[in-house]
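Visitor: I'd like a close look at one small part of this chain, and then at how the rest is built around it. Could you walk me through it slowly?

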Amino acid sequence: DGYELSVNSTTWWITRDDNGTGTDIDTGAATFASGDTIEIRIISGVITGWKNGSQISGAEISDSAYTTGQPGWESYQDSAIVGWLDNWEGGDLGAAQSQAPRSMHQFHTRRT
């Protein structure tokens with residue numbers, strides 16, 4: 001359960017996942033390409049989407065369904081395209097981290 005930022009080449013979605021059911025709570029248009037860095041930040045109930053270090057225009061919504069949790073990721077592909085997750089990291093952005101950042105490098109996903 002929690003929040004996710006999903007993208008394709010022309011669209012972004014902020015989704016709240018509740019017991020395996022995803023509900024889009026915000027969406028908009030933007031251009032995404034291979035090599036872009038995407039990020040979701042949740043600070044005091046405000047969820048924002050980021051691309052290459054800049055906030056995505058319009059990707060900001062307040063939601064307080066989840067106030068604590070752990071960072072994570074998931075991958076889903078609906079075509080035969082091969083993708084890469086590179087330099088994944090998650091942690092507390094606050095002044096005093098409550099846990100060490102988690103990281104992963106060069107994770108390869110492929111539809112089989």
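I picked a loop residue to start from: is Asn19 buried or exposed, and what is its relative accessible area?

Guide: Happy to, but keep in mind that this is a predicted model. Asn19 is exposed, because its relative accessible area is 70% and the label "exposed" applies over 50%. You'll find Asn19 in the loop between E2 and E3. Its backbone has a quirk too: the phi angle of Asn19 is near 50°, a positive value in a residue other than glycine.

Now look at what sits around that loop. E1, E2 and E3 form an open sheet of three strands, in the order E1-E2-E3 and with antiparallel pairing. Strands E1 (2-7) and E3 (21-29) are at the edges with a single partner strand each, so one side of each has no neighbour in the sheet. On average, neighbouring strands here are turned by 20° against each other, ignoring direction. Zoom in on E1 and E2 (residues 11-18), and you can trace six bridges between these antiparallel strands. One pairing to look for is Ser6, whose bridge partner in E2 is Trp13.

Next, a second loop to set beside yours. Asn52 lies between E5 and E6, and it also has a positive phi, about 50°, although it isn't a glycine. Here the two strands make a hairpin, with two residues between them. How much of Asn52 can be reached from outside? Its relative accessibility is 42%, so it counts as partly exposed.

Follow that hairpin outward and you'll meet another open sheet of three strands, ordered E4-E5-E6 with antiparallel pairing. Its edge strands are E4 (38-43) and E6, each with a single partner, so each has one side left without a neighbour in the sheet. Here too, the average turn between neighbouring strands is 20°, direction ignored. E4 and E5 run antiparallel and are joined by six bridges, while E5 (residues 46-51) and E6 (residues 54-62) pair over five bridges in the antiparallel sense. Ile47 is a handy residue for seeing both pairings: Ile42 stands opposite Ile47 in E5, and the bridge partner of Ile47 in E6 is Ile61.

So what's on the inside? The largest nonpolar core has 10 residues, among them Tyr3, Leu5, Trp12, Phe32, Ile47 and Ile56. E1, E2 and E6 each supply at least two residues of this core. Take Ile56 as your example: it is found in strand E6, and with 7% relative accessibility it counts as buried, since buried means under 20%. Setting aside residues up to four places away in sequence, Ile56 touches several residues, including Leu5, Trp12, Ala30, Phe32 and Trp50. Ala30, another core member, has contacts that include Ser9, Thr10, Trp12 and Ile56, again leaving out its neighbours within four places. You can see the chain coming back on itself here: Ile56 and Ala29 are 27 residues apart along the chain, yet their C-alpha atoms are separated by 9.2 Å.

There's another pair like that further along. Thr67 sits in the loop between E6 and strand E7 (83-85). Thr67 and Gly2 are 65 residues apart in sequence, with 9.1 Å between their C-alpha atoms. Unlike Ile56, which counts as buried, Thr67 counts as exposed, at 72% relative accessibility.

Now step back to the whole chain. It has 10 strands and zero helices. Of its 112 residues, 21% are buried. The accessible surface comes to about 7700 Å², and 48% of that belongs to carbon and sulfur atoms. Among contacts with a separation of 6 or more, 35% link residues 24 or more positions apart.

One last thing: how far should you trust each part? The average pLDDT of the chain is 76, and 65% of the residues score at least 70. Among the elements, E6 has the highest mean pLDDT, 95, and strand E10 (residues 107-109) the lowest, 40. Over residues 97-112 the pLDDT stays under 50, although the model has 43 contacts beyond four places in sequence for that stretch. Treat that end with caution, then go back to your loop residue, Asn19, out there in the exposed class.

Terms used: Residues are numbered from 1 along each chain as its sequence is written. This is a predicted model: local features need pLDDT of at least 70, side-chain atom pairs count only at pLDDT 80 or more; totals for chains, interfaces and linings use all residues. Side-chain values use heavy atoms; hydrogens and water are left out. Two strands pair if DSSP finds at least two bridges between them. Helices (H or I, at least four residues) and strands (E, at least two) are DSSP runs, numbered from the N terminus. Axes are lines fitted to C-alpha atoms, for helices over the stretch in contact, and angles run from 0 to 180 degrees between N-to-C directions. pLDDT is the predictor's confidence in each residue, from 0 to 100. Contact means heavy atoms within 4.5 Å. Buried means under 20% relative accessible area, exposed over 50%, partly exposed in between (1.4 Å probe, protein chains only). Accessible areas come from the Shrake-Rupley method with a 1.4 Å probe; for residues, only the protein chains shown count as cover. A nonpolar core is a set of buried Ala, Val, Leu, Ile, Met, Phe, Trp, Tyr and Cys residues joined through side-chain atoms within 4.5 Å.
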